[in-house]
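Open the model in a viewer and keep the sequence panel visible. The stops below are given as selections, each followed by what is found there.

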Amino acid sequence: MKKIIGLWMVFLLAGCSGATKKHASGCENSALYGYVNFCLPEMDGMTECRTQQGVQEVIQPYLASGPVLAYYLNSETYGQVDRLKDIPYEDYFLMYGEYRLENYYARETDLEQAQKDLEQTLFEEDSFDRISDRIEEYYRTMTVGKPALIEKYSPRPNVRTMIVLIKYMHEDGETSVVSAIDFILMKNRLFNLAYYVAYTGGKSIDGAKSKNNAFIDRLLDLN
């Protein structure tokens, strides 16, 4: 499937490296969000690779808005990371924030408001039409229709998750994508995690939820 990063979200710069390095904090890999350091979890069969040139090319549209804190690819896709923008792929995580929130002392009310704001962006017609135009301009891919909200839930305290289904048309045909979009309040910082995978029926939704929840558990347990 054609890789689609939800252009409705605001991300930025980060890194991807096959080798890991022990940091002073004891983390194998970590990311700074403003003055706060986050330990990044290890995920079986996936590599965190935000600094790779191929990933940098993919996240270029978001670099003006905020930092990409982590980008995880599965082993098959990582083997082609140098030409990431030109290949179809799925099964990846993106962890990102906003510059304006890097050193903002966030509270639970901010978490709730952030989720509400994204819902309005995704499901209000004028807002979504603008997003769709941006996707088509950059990726030569167009949305077939508005996304469908499958479920909202809270997998852990201070985490809010939306499961969203959306269809895209591209040169290879039509693709349906399941996205788990998480709003996370951790160390008094508010940021997002998104997981993307091709939709192949109900089991793919269950699988997306399970893998997304596992990432959240590891992330929160580390921090």
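Select Gln115 and show its surroundings: leaving out residues up to four places away in sequence, Gln115 touches Lys152, Arg160, Thr161, Met162 and Phe183. This is a predicted model, so every contact on the tour is a contact in a prediction. Gln115 sits in helix H3. With a relative accessible area of 8%, Gln115 is buried, because anything under 20% counts as such.

**Helix H3**

Extend the selection to residues 108-123, which make up helix H3. Is the length of H3 what its 16 residues should span at 1.5 Å a residue, or not? The expected span is 22 Å and the end C-alpha atoms lie 23 Å apart, which agrees. Now colour the buried residues of H3: Asp110, Leu111, Ala114, Gln115, Leu118 and Leu122. Looking down the axis of H3, these buried residues fall within an arc of 135°, so they line one face of the helix. In general, an α-helix has 3.6 residues a turn, so residues three or four places apart point the same way.

**From H3 to strand S8**

Stay on H3 and select Glu112 together with Arg160. The two form a salt bridge, with the closest N and O atoms 2.7 Å apart. Glu112 belongs to helix H3 and Arg160 to strand S8 (residues 159-170), so the selection spans distant parts of the chain, 48 residues apart. Which of the two partners is buried and which is partly exposed? Arg160 is buried, at a relative accessible area of 12%, while Glu112 is partly exposed at 32%. Add Glu108 to the selection: Glu108, Glu112 and Arg160 are linked in a network of salt bridges. Arg160 is also among the residues that Gln115 touches.

**Other salt bridges**

A search of the whole structure finds 10 salt bridges. One of them pairs the side chains of Asp91 and Lys211, at 2.9 Å from N to O. This pair also links distant parts of the chain, 120 residues apart: Asp91 is in the loop between helix H2 (75-78) and strand S5 (92-96), and Lys211 is in helix H5 (residues 202-222). Asp91 is buried, with a relative accessible area of 13%, whereas Lys211 counts as partly exposed at 23%. For another salt bridge, select Glu98 and Arg100, whose side chains meet at 2.8 Å, N to O. Arg100 is exposed, with a relative accessible area of 65%.

**Backbone at Asp91 and Lys187**

Return to Asp91 and read its backbone torsions. Most residues other than glycine have a negative phi. Asp91, not a glycine, has a positive phi of about 65°. Lys187 is not a glycine either, and has a positive phi of about 55°. Lys187 lies in the loop between S9 and strand S10 (189-198) and is partly exposed, with a relative accessible area of 37%.

**The nonpolar cores**

Next select Phe38, Tyr72, Phe93, Met95, Ile184, Phe191 and Leu219. Of the 42 residues in the largest nonpolar core, these touch the most other members. Strand S9 (residues 173-186) gives the most to this core, with 7 residues. A second, separate core has 21 residues, including Tyr62, Tyr71, Val81 and Ile166. Centre on Tyr72 in the largest core. What does Tyr72 touch, not counting residues up to four places away in sequence? The residues are Leu40, Pro41, Met43, Met46, Thr47, Glu48, Asp91, Tyr92, Phe93 and Phe215. Asp91 on this list is the partner of Lys211 in the salt bridge visited earlier.

**The disulfide**

Select Cys27 and Cys39. A disulfide joins them, S to S 1.7 Å. Cys27 lies in the segment before strand S1 (30-33) and Cys39 in strand S2 (residues 36-39), so the bond ties together parts that are 12 residues apart in sequence. Both cysteines are buried. A search of the whole structure finds 1 disulfide.

**Zooming out**

Clear the selection and show the whole chain as a cartoon. The protein chain has 5 helices and 10 strands. Of its 223 residues, 53% count as buried. Among contacts with a separation of 6 or more, residues 24 or more positions apart account for 67%.

Conventions
Residues numbered from 1 in each chain as written. Predicted model: local features only at pLDDT ≥ 70, side-chain atom pairs only at ≥ 80, totals over all residues. Heavy atoms only, no water. Disulfide = S-S within 2.5 Å. Helix = DSSP H or I, 4+ residues; strand = E, 2+ residues; numbered from the N terminus. Buried < 20%, exposed > 50% of the residue type's maximum accessible area, 1.4 Å probe, protein only. Expected span 1.5 Å × (residues − 1). Arc of directions from axis to C-beta. Core = buried A, V, L, I, M, F, W, Y, C linked by side-chain atoms within 4.5 Å. Contact = heavy atoms within 4.5 Å. Salt bridge = Lys/Arg side-chain N within 4 Å of Asp/Glu carboxyl O.
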